[in-house]
Amino acid sequence: MFENDYIMRMILQLVRVLRRSLARQFPTRRAELEEIEGAVAEAVDLDPRLMFALEPQSLVEVLELGNFDPQLAAWVVRSLYYESDLLENDGQLTKADLRRRQADAIATRFDLRITVAEQGGETLAEFLDQQAGEAKD
């Protein structure tokens, strides 16, 4: 019971941040990126500075050794792909590439069939709406 509550809290936190981002409710791009990174790092139970500095395979290894719940993997992957788009649009190409590679590595490790091409803002909004509809059922 406690574990399910924790997972739902992490998912809801990611959803809130992503919806705010999609609605352009942050005062600056920097604040937006910090909020997304903070929510993702909390979901995987890692310090954001450590998580976002790790090479993709190292990140996956740390997740496997830690408290990461595989139920969060799809949410984390979508969030990282979305963040990579924001970073790219902001001209932060090196960071954008790292986020995509991190998302790819997590998707591969947890056998998720999510690609970066599927995760633009509109697709992410549709996914969030679909998940909200399923939660109500």
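Helix H6 (residues 93-109) has 17 residues and reaches 24 Å from its first C-alpha to its last, close to the 24 Å expected at 1.5 Å a residue, where the expected span is 1.5 Å times one less than the number of residues. Helices here are DSSP runs of H or I with at least four residues, strands are runs of E with at least two, and both are numbered from the N terminus. This is a predicted model, in which local features need pLDDT of at least 70 and side-chain atom pairs count only at pLDDT 80 or more, while totals for chains, interfaces and linings use all residues. Residues are numbered from 1 along each chain as its sequence is written, and side-chain values use heavy atoms, with hydrogens and water left out.

The buried residues of H6 are Ala-96, Leu-98, Arg-99, Arg-100, Gln-102, Ala-103, Ala-105, Ile-106 and Ala-107, buried meaning under 20% relative accessible area, exposed over 50% and partly exposed in between, with a 1.4 Å probe and protein chains only. These buried residues of H6 pack against H2, H3, H4 and H5, and contact means heavy atoms within 4.5 Å.

Within the protein as a whole, the secondary structure comes to seven helices and zero strands, so that the order of elements from the N terminus is α-α-α-α-α-α-α. Buried residues make up 43% of the 137 residues, and of the contacts with a separation of 6 or more, 72% join residues 24 or more positions apart.

**Packing of H6 with H5 and H4**

Helix H5 (residues 73-89) has 17 residues, which at 1.5 Å a residue should span 24 Å, and its end C-alpha atoms are 24 Å apart, in agreement. H5 is mostly covered, with 14 of its 17 residues buried. H5 and H6 pack at an angle of about 160 degrees with their axes 8 Å apart, the axes being lines fitted to C-alpha atoms, for helices over the stretch in contact, and the angles running from 0 to 180 degrees between N-to-C directions. The two helices are therefore roughly antiparallel to each other, since angles under 35 degrees count as roughly parallel, over 145 as roughly antiparallel, 65 to 115 as roughly perpendicular and the rest as oblique. Their crossing is left-handed, a term used if the near helix is turned anticlockwise from the far one by less than a right angle, whereas a clockwise turn is right-handed. On the H5 side the residues in contact include Val-76, Leu-80, Glu-83 and Leu-87, and on the H6 side they include Ala-96, Arg-99, Ala-103 and Ile-106. By class, this contact has eleven nonpolar, two polar and seven charged residues, where Ala, Val, Leu, Ile, Met, Phe, Trp, Tyr, Cys and Pro count as nonpolar, Asp, Glu, Lys and Arg as charged, and the others, Gly among them, as polar.

The axes of helix H4 (residues 56-65) and H6 come within 8 Å and cross at roughly 45 degrees, which makes H4 oblique to H6. H4 passes H6 in a right-handed crossing. Pro-56, Leu-59, Val-60, Leu-63 and Glu-64 in H4 meet Leu-98, Arg-101, Gln-102, Ala-105, Ile-106 and Arg-109 in H6, a contact with seven nonpolar, one polar and three charged residues.

**Buried glutamates**

Glu-83 is found in H5 and counts as buried at 0% relative accessibility. Leaving out residues up to four places away in sequence, Glu-83 touches Leu-33, Ile-36, Glu-37, Phe-52 and Arg-99. Glu-37 lies in helix H2 (residues 29-44) and, at 14% relative accessibility, also counts as buried. With neighbours within four places in sequence set aside, Glu-37 is in contact with Phe-52, Glu-83 and Arg-99. The C-alpha atoms of Glu-83 and Glu-37 are separated by 8.1 Å, although the two residues are 46 residues apart along the chain.

**Positive phi values**

Most residues other than glycine have a negative phi. The table lists residues with a positive value.

| Residue | Phi | Place |
|---|---|---|
| Arg-24 | near 55 degrees | loop between helix H1 (2-22) and H2 |
| Asp-45 | about 60 degrees | loop between H2 and helix H3 (48-51) |
| Gly-91 | near 85 degrees | follows H5 |
| Asp-111 | about 55 degrees | just after H6 |

Arg-24 is exposed, with a relative accessible area of 54%, while Asp-45 is partly exposed at 44%.
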